[in-house]
Amino acid sequence: MPADLVQTYRAFAHNNAWANHRLLAACAGLSEVDFAAERTGFFPSLQQTLNHIYVIDLFYVDALEGGWLGPRAWADEVPCPSVAELRPAQRAVDRRLIAVCDALTPDLLGSMVRINRDTTVQTERRDRLLMHLFQHQVHHRGQAHAMLAGTAVKPPQLDEFFAAGEAPLRAAEFAELGWSEATIWGG
C-alpha cells in the first residue's frame, strides 16, 4: 500500500534530519578554521551556510508549532560557530520538525499557519509551508555539500530517499538517531 500524504510529510521530515545528521557528521572531520573558511556559495562558508539552515529551521518550526519567534530566530546569524555546537542544536530542531509532522492529520495539512515577520503576519497553508521548508533545506545543504567537496573531507551521499533495498546501508546511522525503518514507515 502506498504512503498517504501525511506519511509522506513524516518521511520528508525524517529524511531531512538524516541528511543533516550525515552532513554535520562529515563536517565534524574539519578543523574549526576549515569549517569557517571562506568558500564559494550563497553564504561564504560552511559555518554560515549550515547556521543559516539552522536559524531558518528555528523560524519556521516555531511558526508551525504556533509560536511567535519571528525574525529573532536569526538575530545572531551564527549562533553555533562550531560543528560541536551546531550538531546538537540542529538535531533538536530536526526532532521538533519530526514531532510537527508526526502530529499531522489530513485536515491539519490544509490549515493555516501564522508567521511573525515583525512588520506583518504572513499566513500560509501548513502543507505549502512544509514544502517550502524542505526545499530550503535541500537547496542550502546542496551548497554545503559542494563546499565540503573542496576540503579534505569526503561529502556524504545526500541524494537518497530511503530506498527499501538500501535499508542495511543506513542502519548504523538510524541507530545513532534512535530510529528504525518502522519509525518512519510504521509496521
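**Helix 1, the nonpolar core and a surface patch**

R22 lies in helix 1, which spans residues 5-27. The model described here is predicted, and the points below take up the surroundings of R22, the largest nonpolar core and a nonpolar patch on the surface.

**R22 in helix 1**
- With a relative accessibility of 16%, R22 counts as buried, because the cut-off for that class is under 20% relative accessible area.
- When residues up to four places away in sequence are not counted, R22 touches P156, Q157, L158, E160 and E173.

**The largest nonpolar core**
- The largest nonpolar core holds 51 residues, and among these L50, L97 and L130 touch the most other members.
- At least two residues of this core are supplied by each of helix 1, helix 3 (46-64), helix 4 (83-102), strand 1 (112-116), helix 6 (126-149) and helix 7 (167-177).
- Helix 3 provides the largest share of this core, with 12 residues.
- Neighbours within four places in sequence left aside, L97 is in contact with A13, N16, V61, L64, L130, L133, F134 and Q137.

**The nonpolar surface patch**
- F12, F161 and W185 form a nonpolar patch on the surface, and together these residues have about 280 Å² of accessible area.
- F12 lies in helix 1, as does R22, but whereas R22 counts as buried, F12 counts as partly exposed at 36% relative accessibility.
- The class given to F12 follows from its 36% relative accessibility, because partly exposed covers the range between the buried limit of 20% and the exposed limit of 50%.

Notes: Residues numbered from 1 in each chain as written. Predicted model: local features only at pLDDT ≥ 70, side-chain atom pairs only at ≥ 80, totals over all residues. Heavy atoms only, no water. Helix = DSSP H or I, 4+ residues; strand = E, 2+ residues; numbered from the N terminus. Buried < 20%, exposed > 50% of the residue type's maximum accessible area, 1.4 Å probe, protein only. Contact = heavy atoms within 4.5 Å. Patch = residues over 30% accessible without salt bridge, like charges linked within 9 Å, V, L, I, M, F, W, Y side chains within 5 Å. Areas by Shrake-Rupley, 256 points an atom, 1.4 Å probe, with all protein chains shown as cover. Salt bridge = Lys/Arg side-chain N within 4 Å of Asp/Glu carboxyl O. Core = buried A, V, L, I, M, F, W, Y, C linked by side-chain atoms within 4.5 Å.
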